[in-house]
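Let's take a quick walk through this one. Have the sequence and the coordinates open as you read.

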Amino acid sequence: MDVLYFAWVRERIGVPKEKVETTAATVSDLVAELSAREDRYAAAFADLSALRVALDQELADFDAPLAGVREVAFFPPMTGG
Amino acid sequence: MRISVQQEPFDLGAEANAFAAGDTANGAIVTFTGVVRDLAQTDLAYMEIEHYPGMTERAIAKIAEEAKTRWSLGDVLVIHRYGRLAPGDRIMMVATAAPHRKDAFEAAEYLMDYLKSRAPFWKKEITGSGAEWVAAKDEDEDALSRW
């Protein structure tokens, strides 16, 4: 699946987008998997309360299932307007 | 309903005129415009707005559709810019047309509240002393609970 990062999450991880092969069942599982990879992921995902997630461009919860999802995006709370 | 997520500036007068043109069904048109300000007088050089292409348009459309179910609205316009903006630049505008002003005002406020914290934009401020992402405010999140 495609995993996208925005704002400081993108800066901390160092890429805006990457392909991830995963069998993670939920967003939380994917976060744990990525965090175990490298420090830059662990640093970005250290405080999940400071993060939001979207699945196929719809806001979701961290316990949401990933079955059938093509695009996951992680970003800080939005500051539009 | 028109939604535009764009890098280039917009002409507030032309947009408002085009939005209002030929409308005889709606007695009330409200427009709101957001402008880049130097918040803490921190010597803001410019602001960089990032967004999530695809989700941004979908999220705004969903917010506008929800507004149309809650109020009697004739039309809705949302323009939101991204990229580099200087103090004084216009970031975004919403316009609502309704038979009566209460609907037009309330829907415009609703759109603004939701655009602030449910449309995927992120602001970064670049000042003389560095660059910093603007943190979301609790009060912006709390503002959603009144709807």
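What follows looks at the fold of chain A, one of its helices, two backbone oddities and the contact with chain B.

**Overall fold**

Keep in mind that this is a predicted model. Chain A has three helices and five strands, and along the sequence they come in the order β-α-β-α-α-β-β-β. Its radius of gyration is 12 Å, close to the 12 Å that the globule rule gives for 81 residues, so chain A is as compact as a globular protein of that length. The C-alpha trace spans about 35 × 30 × 20 Å along the principal axes. Buried residues account for 27% of the 81 residues in chain A. If you take the contacts between residues at least 6 apart in sequence, 55% of them link residues at least 24 apart.

**The buried side of H2**

Helix H2 of chain A runs over residues 27-37, and its buried residues are A:Val27, A:Leu30, A:Val31 and A:Leu34. Why do they sit on the same side of H2(A)? They cover an arc of only 100° around the axis, which puts them on the same side. That fits the usual geometry: an α-helix has 3.6 residues a turn, so residues three or four places apart point the same way. As for what lies over these buried residues of H2(A), the cover includes helix H3 (39-44), strand S3 (52-55), strand S4 (58-60) and S5 of chain A.

**Two positive phi angles**

Most residues other than glycine have a negative phi. Here are two non-glycine residues with a positive one.

| Residue | Phi | Citation |
|---|---|---|
| A:Ala7 | about 55° | positive, not a glycine |
| A:Asp56 | about 45° | positive, not a glycine |

Where do they sit? A:Ala7 is in helix H1 of chain A, while A:Asp56 lies in the loop between S3 and S4 of chain A. Their surroundings are worth a look too. A:Ala7 has 24 other C-beta atoms within 10 Å, and 20 or more make a residue buried, so A:Ala7 is buried. A:Asp56 has 16 C-beta neighbours inside 10 Å, so A:Asp56 counts as partly exposed.

**Meeting chain B**

How many residues of chain A are in contact with chain B? The count is 13 residues of chain A, in contact with 21 residues of chain B. On the chain A side, helix H1 (7-13) and strand S5 (71-75) each supply at least two residues. By class, that side of chain A has nine nonpolar residues, four polar ones and no charged ones.

Methods: Residues are numbered from 1 along each chain as its sequence is written. Chains are lettered from A and ligands numbered from 1 in the order in which they are written. This is a predicted model: local features need pLDDT of at least 70, side-chain atom pairs count only at pLDDT 80 or more; totals for chains, interfaces and linings use all residues. Two residues are in contact if their C-beta atoms, placed from the backbone, lie within 7 Å. Helices (H or I, at least four residues) and strands (E, at least two) are DSSP runs, numbered from the N terminus. Ala, Val, Leu, Ile, Met, Phe, Trp, Tyr, Cys and Pro count as nonpolar, Asp, Glu, Lys and Arg as charged, and the others, Gly among them, as polar. A residue is buried if 20 or more other C-beta atoms lie within 10 Å of its own, exposed if 12 or fewer, and partly exposed in between; C-beta atoms are placed from the backbone. The arc is that of the directions from the helix axis to the C-beta atoms. The radius of gyration is taken over C-alpha atoms; the globule rule is 2.2 Å times the number of residues to the power 0.38.
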